Amino acid sequence: MKSGPIIFKDVATQSGLARWTHRMGTPSKDLILETIGSGVALLDYDNDGWLDIYLVNGSTYEAQSGKAAAPHAALYHNNHDGTFTDVTAKAGVANDRWGFGAVAADYDNDGWPDIFVSNYGSSRLYHNNHDGTFTDVAVVAGAAFNDDGREQAGMGSTVADYDGDGKLDLFKTNFSDDTSTLYRNNGDGTFDDKTFPAGFGLNTQYLGWGVMFLDVDNDGWPDLLLVNGHVYPEVDSQHLGSNFREPRILYHNNGNGTFTDISGAAGPGITAVSSSRGLAVGDLWNDGLISAVVSNMNALPSLLVNDVRNGNHWIAFRTIGAKSNRDGIGAKITLKVGARALVDEVRSGSSFISNNDRRVHFGLGASAKIDGVQVRWPSGLLEEFGNLSADAIHTLKEGSGTPVVAGLGKN
C-alpha cells in the first residue's frame, strides 16, 4: 500500500533544538544533558520580526548515566533560516532552579517582552535590556518570594490585568500546604503580593499546576481557573490533608480587586476530582465563550464546556504581523469601552505544559459599543482600528490601521 504524504517531520536536531552540550571538566570531554521540558514561551525578544523560543526544565539529566544534573533553561535565537542558536548564557537567562512555568509579558510597558519563570524555589523575572540581554530583577521587583519573604514551589503561571488599572499582573500556582500567589503590578517596576487581600489565601490543601486568567462570564473582568493534583498517590492513605485526585478551582473576579471561589456552584467539570496537570483555554466554538481542556494523569483529558448564558457581550482579535513576527505575538491590545480601558497582549506560552488560543478575548459586559481599539505592535508601530462590532472575532493586520501618536486609556 502506498504511503501518504508526510505531514510533519521532526527537525529538532537539524534546527538546533533537540539538546544542548555543556563543556564540563576537561576540555576534551563533553557532557550531554537531556532535559525534561516543563514550560515554553515563544517571544521575539530582540524585536527582529522572528519568533524565538524560551524553554524551562523541571529537571536535567546526564544522558550517559541518567543521574540528575543542574536544572537549566534555554533561550534559542531564531536565525531566520529554520535554525536556532542557543544564546542562554549570553542573554543571561540560564535559570538555576527547577523551572515549571514560563510566560512572556511586557510588564513595564516599554515595548520589549520580559520573561517570568515560576520555579521550585524563588521565581525569576527577567527584564529585557533591549540589547539582546536580560537582567533578573525578581528580588528587587518583589516577584521572587511571597509576602512573608519565603521561597515557594512554583508550578504554572498566567498574566492579566485583573484589577483594570492597565497594568499586567502575575499569578502562579504552588505546591500543597501553601497558597497560590498573586503579584499586583504597581506600574513602577515593582509588584506587591496581593494573595490574601484578593481572596486566594484559603485553598492551601491543593497542589496547583495549570492556571489561566479567563473571563468566563464576559463581564469585562478576568476570572481565574486552576487545576490541581498531587504527585504522590500515597497521600490518600497517609491522611496528610491532601489528595492525589483533587477538584479544580474557579475564582470569580468581583471587579474590585477581590475574587470569590465559586467552584461549588460551577458544575461537575470543576468539582470532579482528578490528578490534573495541563490547562489550555480558548473559544473552541467561536461563540465568545471561553472553554478549557485539562490533561489528567493516567486518565482521559477533560473538556470543560462553558455553559454561561447571561447576555453579556464580547469581542476577540486575531493579529497578523507584517514587520513584526507573522502571528503578532507580543502585540499589546488596548480596548476602550466607555470609561474603561481593557488591556492584554498576544501571547504564546502560559499555564503549565500547555498552549492556549492565541486570539485575545475581552468580555464587554452589557456594553455592545466599542469606543476604540489600539494595537502596539512589536515593531513599535502604534495603530488604531475603528468600526469594529461586538460579539465577533476580528482580524487585525499590521499596517492596515490608522497610525496614532497617543495611547488609549491609562498607558
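## A walk through charges and rings

Start by selecting D147, which you'll find in the loop between α3 (138-141) and β11 (152-160). Keep in mind as you click around that this is a predicted model.

**Stop 1: a negative patch**

Is D147 buried or exposed? Its relative accessibility is 61%, so D147 counts as exposed, because the cut-off for that word is over 50%. Now add D148, D188 and D192 to your selection: together with D147 they form a negative surface patch.

**Stop 2: R150 and its partner**

Stay in the loop between α3 and β11 and pick R150. Which residue does R150 form a salt bridge with? Select D178, and look for the closest N and O atoms, which are 3.5 Å apart. D178 sits in the loop between β12 (169-174) and β13 (181-185), so this pair ties together parts that are 28 residues apart in sequence. Colour the two by how much of them can be reached. R150 comes out as partly exposed, at 38% relative accessibility, whereas D178 is buried, at 12%.

**Stop 3: a small network**

Next, go to R184 in strand β13 and to D163 in the loop between β11 and β12. These two form a salt bridge as well, with the closest N and O atoms 2.7 Å apart. How many residues apart in sequence are the parts that this pair ties together? The gap is 21 residues. R184 is partly exposed, with a relative accessible area of 25%, while D163 is buried at 17%. Why does 17% get called buried? Because the word is used for anything under 20%.

Don't hide those two yet. Add D165 and K167, and you have a network of salt bridges linking them with D163 and R184.

**Stop 4: one more salt bridge**

Jump along the chain to K369 and D371. Their side chains meet in a salt bridge too, at 3.7 Å from N to O. Here K369 counts as exposed, with 57% relative accessibility, and D371 is partly exposed at 41%. If you fancy hunting for others, the count for the structure comes to 13 salt bridges.

**Stop 5: rings that pair up**

Time to switch from charges to rings. How many aromatic pairs does a search of the whole structure find? There are 16. One to look at is Y45 with F134: the ring centres are 6.0 Å apart and the planes meet at 40°, so the pair is tilted. Follow the chain from each ring. Y45 lies in the loop between β2 (30-43) and β3 (52-62), and F134 in strand β10 (residues 134-136), so the pair ties together parts that are 89 residues apart in sequence. Both residues are buried, so turn the surface off to see them.

Another pair to select is F100 and F352. Their ring centres are 6.4 Å apart with planes at 35°, which makes this pair tilted. F100 is in strand β7 (residues 98-105) and F352 in the loop between β24 (340-345) and β25 (360-365), so the pair ties together parts that are 252 residues apart in sequence. F100 is buried, with a relative accessible area of 12%, and F352 is buried too, at 6%.

**Last stop: the cluster**

Keep F100 and F352 on screen and add W98, Y120, F175 and W209. What do these residues form along with F100 and F352? They make up one aromatic cluster.

How values were computed. Residues are numbered from 1 along each chain as its sequence is written. This is a predicted model: local features need pLDDT of at least 70, side-chain atom pairs count only at pLDDT 80 or more; totals for chains, interfaces and linings use all residues. Side-chain values use heavy atoms; hydrogens and water are left out. Patches are made of residues with over 30% relative accessible area and no salt bridge: like charges are joined within 9 Å, nonpolar side chains (Val, Leu, Ile, Met, Phe, Trp, Tyr) within 5 Å. Accessible areas come from the Shrake-Rupley method with a 1.4 Å probe; for residues, only the protein chains shown count as cover. A salt bridge is a side-chain nitrogen of Lys or Arg within 4 Å of a carboxyl oxygen of Asp or Glu. Lys and Arg count as positive and Asp and Glu as negative; His and the chain ends are not counted. The place of a charge is taken as NZ of Lys, CZ of Arg, CG of Asp or CD of Glu. Helices (H or I, at least four residues) and strands (E, at least two) are DSSP runs, numbered from the N terminus. Buried means under 20% relative accessible area, exposed over 50%, partly exposed in between (1.4 Å probe, protein chains only). Rings of Phe, Tyr and Trp (its six-membered ring) pair if their centres lie within 6.5 Å; planes under 30 degrees apart count as stacked, over 60 as edge-to-face and the rest as tilted.
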